[in-house]
Amino acid sequence: MPVSIEDIANYVAALPDVRVDDTTADVFFFKGTEQNFPFATVVTHDQPYDDQSNLDRQGLFRLNIQTDRDTFERLFPGFDKSTSPAESFDLTAIDTLFPHPVYAKMRWVSVITPDHSWPRCQELLRTAHGQAK
């Protein structure tokens, strides 16, 4: 059974010193009181600048996680960040990690409606939280 947005929010909120902003349909996870830049997000719909995952399909959302260089390169060996992730990955695939459609250059990874990938996502979330400033 796929993991819900609530499951993700509860998991991340249980990490130390996390602030959750769920005042919109999307959810943003910050470390500490400064809410300048999230270390993870959940988006629930397409945006004009970010519609390659086709999130307007019924019941889908995308979990996005910031990673470091080594992790990103381990996940996507040989991926050239100067190219669009759409050239090498199916950005609509469910339960599959792929470079973020817009923020791959900043080493963000994404997964649509995680299920079997959830344990790996939990690991990535813990690492992102630990690296967040």
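**Exercise 1.** Which residues of strand 3 are buried on one side, and which on the other?

*Solution.* Some conventions come first: the model is predicted, so that local features need pLDDT of at least 70 and side-chain atom pairs count only at pLDDT 80 or more, while totals for chains, interfaces and linings use all residues. Residues are numbered from 1 along each chain as its sequence is written, and side-chain values use heavy atoms, with hydrogens and water left out. Strands (E, at least two residues) and helices (H or I, at least four) are DSSP runs numbered from the N terminus. Buried means under 20% relative accessible area, exposed over 50%, and partly exposed in between, with a 1.4 Å probe and protein chains only. On one side of strand 3, Ala 40 and Val 42 are buried, and on the other side Thr 41 and Val 43 are buried, which leaves both faces covered.

**Exercise 2.** Trace the pairing from strand 1 through to strand 4.

*Solution.* Two strands pair if DSSP finds at least two bridges between them. Strand 1 (residues 18-21) runs antiparallel to strand 2 (residues 27-31) and is joined to it by four bridges, with five residues between the two strands of this hairpin. Within this pair, Val 20 has Phe 29 as its bridge partner, and Phe 29 in turn stands opposite Ala 40 in strand 3. Strand 2 and strand 3 (residues 40-43) are antiparallel, with three bridges. The step from strand 3 to strand 4 is again antiparallel and has four bridges, among them the one that pairs Val 43 with Arg 62.

**Exercise 3.** Locate Tyr 49 and describe its surroundings.

*Solution.* Tyr 49 belongs to the loop between strand 3 and strand 4 (62-66), and it counts as exposed because its relative accessibility is 55%. The largest pocket (an open set of points on a 1 Å grid over the protein atoms alone, where a 1.4 Å probe fits, with protein on both sides within 12 Å along at least five of seven lines; lining residues have an atom within 4 Å of a point) has a volume of about 290 Å³, a volume being the space filled by probe spheres set on the points. Of its 17 lining residues, the closest to the centre are Phe 28, Thr 41, Val 43, Tyr 49 and Tyr 103. Strand 3 and strand 4 each supply at least two residues of the lining.

**Exercise 4.** How is Ile 94 placed, and how far is its C-alpha atom from that of Arg 126?

*Solution.* Ile 94 lies in the loop between helix 2 (69-75) and strand 5 (98-99), and with a relative accessible area of 45% it is partly exposed. The C-alpha atoms of Ile 94 and Arg 126 are separated by 22 Å, the two residues being 32 residues apart along the chain.
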